[in-house]
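Here are a few short exercises to help you find your way around. Try each task yourself before you read the solution.

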Amino acid sequence: MEMPEVQACEVEDCAYNRQRSCHALAITVGDPRRPGCDTFFGTSTKGGDPDNVGGVGACKMADCRHNVRLECQAPGISVGYVEDAASCLTYTPA
């Protein structure tokens, strides 16, 4: 199984965001209530590997149509703001 890539990230104040691209090795999505990007944190220091495109390592949104055994099966995801919180915009309830 391959990790889906974070194809776009609009959360520019995230430590792993460079030029609207995620550079975390892998992100975790969700909690029991919302599909937030749990890897997000704001800081002026940039992290991650600039040569790496971030992937989805785990997804806790069991009710998402792309979720199979807490693993994302979407071909790729987008991350952006929903109500001022970094969230998976690809999340779709099953």
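A cavity here is a set of grid points where a 1.4 Å probe fits but cannot get out. Keep in mind that this is a predicted model.

**Exercise 1.** Find how many cavities of 30 Å³ or more there are, and work out what lines the largest cavity.

Solution. Start with the count: there are two cavities of that size. Next, take the largest cavity, with a volume of about 90 Å³. It has 14 lining residues, and those closest to its centre are Cys9, Cys14, Cys22, Ile27 and Cys37. Finally, sort the lining by class: 12 residues are nonpolar, two are polar and none is charged.

**Exercise 2.** Do the same for the second largest cavity.

Solution. Its volume is about 70 Å³. Among the residues that line it are Val29, Met61, Cys64, His66 and Tyr91. By class, that lining has 10 nonpolar, two polar and no charged residues.

**Exercise 3.** Track down the one aromatic pair and say how its rings are arranged.

Solution. The partners are Tyr16 and Phe41, with ring centres 5.9 Å apart. The planes sit at 85 degrees, and over 60 counts as edge-to-face. Now place them: Tyr16 is in the loop between strand 1 and strand 2, Phe41 in the loop between strand 4 and strand 5, so the pair ties together parts 25 residues apart in sequence.

**Exercise 4.** Is His23 buried or exposed?

Solution. Its relative accessibility is 9%, and under 20% means buried, so His23 is buried. As a last step, check its partners: the His23 side chain reaches the backbone oxygen of Asn52 at 2.6 Å, and His23 also touches Tyr16.

Definitions and conventions
Residues numbered from 1 in each chain as written. Predicted model: local features only at pLDDT ≥ 70, side-chain atom pairs only at ≥ 80, totals over all residues. Heavy atoms only, no water. Phe/Tyr/Trp six-rings, centres within 6.5 Å; stacked < 30°, edge-to-face > 60°. Helix = DSSP H or I, 4+ residues; strand = E, 2+ residues; numbered from the N terminus. Buried < 20%, exposed > 50% of the residue type's maximum accessible area, 1.4 Å probe, protein only. Polar contact = N/O pair within 3.5 Å; in protein donor to acceptor, adjacent residues only side chain to side chain. Contact = heavy atoms within 4.5 Å. 1 Å grid on protein atoms, 1.4 Å probe; cavity = no way out; pocket = protein on both sides within 12 Å on 5 of 7 lines; lining within 4 Å. Points joined across faces, edges and corners; volume = space filled by probe spheres on them. Nonpolar A, V, L, I, M, F, W, Y, C, P; charged D, E, K, R; others polar. Lists of a residue's contacts leave out its neighbours within four places in sequence.
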